[in-house]
Amino acid sequence: MNIDKIKSVYFVGAGGIGMSALIRYFLSKGKLVAGYDKTPSDLTKQLNEEGALIHYDDNVDLIPEVCRNPLETLVVYTPAVPSTHTELSYFQSAGFEVMKRARVLGEITGCTRGLCVAGTHGKTTTSSMIAHLLKQSHVGCNAFLGGILKNYDSNLLLSETSDLTVIEADEYDRSFHWLTPYMAVITSADPDHLDIYGTAEAYRESFEKFTSLIRPDGCLLMRKGIAVTPRLNTGVSCYTYSASEGGDFHAENIRIGNGTIVFDFVSPDGVIKDVELGVPVKVNIENGVAAMAIAWLNGATEEELKDAMQTFQGPKRRFDFRMKTDRCVLIDDYAHHPEELKASIQSVKELYAGRKVTGIFQPHLFTRTRDFAPEFAASLSLLDELILLDIYPAREEPIPGVTSSIIFDRVTIPAKRLCTKAELPGIIEAGAYDVVLMVGAGDIDRLVEPVKQILEKR
């Protein structure tokens, strides 16, 4: 791929969060950018305002003329798009250069020093933290993120001086195998995407393959206790981290109270005292330790690290406080794996000890629901009250017998109910709520604002 020779880029699945960062990148390079997505969203609206030409019907006739020359147009697609997609089939049969998003990201960042964050969960927040710490330091960085970072209202950060690039390394469809990390982080490797990998062993093996891609002058930072055996090249350093379980980097003297979390950051070189989390939830201690470790290894100073940690606002939809009053709290979170869900609920319960926590959860994918129904139920049973929505199918067709009921029937708390998206506003209108956690990776985010408006009126 020679970016200089490309005049236009066409995206099939333009509204995905990873795709949108690439759209912004090519717009910044002066390329003509167009594309298709299944449904309009706030993000696609924003991309249109920034100069992209996005439409919502799978129709070859809607492809702009500027994107019809195979010699000048690059076509980028996401694996979530089915192979039967009409526009994608047109480009593939007409001789266009057609690449998966992951490969394009790998080629763009291959000539930089990539700081690649992988993991079943924690990667979006951790990579966003690293990007913010470096951006606010004298070091600087570029970043392709899997969430909209609230400090910058973007998932793309560019630098004219730094050759460091923070990359969220997605394991879905083995996408992260296109990357060549300078430094890699593995936050977790709990089995997921078994529709792709088949077994938990194959899933973990893909992370081991990822470690073998690290440059010989680089390093691996891995959460202590992860069941992954690194396959490192000669010369690659390896560090461990944790929140409070030891390791080369960890936290000590953790203080939680009055809506704040403060800890001391321990590194091989000493201790940085009284680090305050800008997003004060317990899971961010671990994410923060990893982020500070990578920024520290790249030369950020003690004061730069402390200041940036305190000002970090987090990515949208990652423990995102949408309403916070003495009467009611509303939190929006992207958690869609049982372990993520467990961590999110436990963080809320600890932050608001003694208050009633209601969870509104939308399962994501039929296969994930089928594969992890007992684990989802165990996590959701930590709530005081559960409202469970229908499964969001995303790229999948229904599976006979797989509905939200296979989770619901296993949930052990008595205060639970199933409902559709259309029924949710009425249920919120009729109920009494204290702390509300809306969770899921589907389109539950579109219900957050209506729920917020109802809660604000009460």
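## Exercises on salt bridges and cysteines

In this predicted model, D371 and R370 form a salt bridge whose closest N and O atoms are 3.0 Å apart.

**Exercise 1.** Show why D371 and R370 qualify as a salt bridge, then find how exposed each residue is.

*Solution.* Start with the cut-off: a side-chain nitrogen of Lys or Arg has to lie within 4 Å of a carboxyl oxygen of Asp or Glu. The closest N and O atoms of D371 and R370 are 3.0 Å apart, so the pair qualifies. Next, turn to accessibility, where partly exposed covers the range between under 20% and over 50%. D371 has a relative accessibility of 25% and therefore counts as partly exposed. R370, at 41%, is partly exposed too.

**Exercise 2.** Locate the partners R231 and E205 along the chain, and state how exposed they are.

*Solution.* First, check the contact: the closest N and O atoms of R231 and E205 are 3.2 Å apart, and the two form a salt bridge. Now place them: R231 sits in the loop between β11 (219-223) and β12 (237-241), while E205 belongs to helix α7 (residues 200-211). With their positions 26 residues apart, this pair links distant parts of the chain. Finally, R231 has a relative accessible area of 36%, which makes it partly exposed. For E205 the value is 36%, and this residue is also partly exposed.

**Exercise 3.** Which strands does the salt bridge between R255 and D274 link, and which network holds these residues?

*Solution.* Begin with the distance: R255 and D274 form a salt bridge, with 2.9 Å between the closest N and O atoms. R255 lies in strand β13 (residues 250-257) and D274 in strand β15 (residues 270-276), 19 residues apart, so the bridge joins distant parts of the chain. R255 is partly exposed at 31%, and D274 is partly exposed at 39%. Then widen the view: a network of salt bridges links R255, D264, K273 and D274. Over the model, the count comes to 23 salt bridges.

**Exercise 4.** How many disulfides does the structure have, and is C67 buried or exposed, and C111 buried or exposed?

*Solution.* A search of the whole structure gives zero disulfides. Take C111 as a test case: its nearest cysteine sulfur belongs to C116 and is 13 Å away. The cut-off is 2.5 Å, so C111 is in no disulfide. As for surroundings, C67 has a relative accessible area of 0% and is therefore buried, whereas C111, at 70%, counts as exposed.

Technical notes
Residues numbered from 1 in each chain as written. Predicted model: local features only at pLDDT ≥ 70, side-chain atom pairs only at ≥ 80, totals over all residues. Heavy atoms only, no water. Buried < 20%, exposed > 50% of the residue type's maximum accessible area, 1.4 Å probe, protein only. Helix = DSSP H or I, 4+ residues; strand = E, 2+ residues; numbered from the N terminus.
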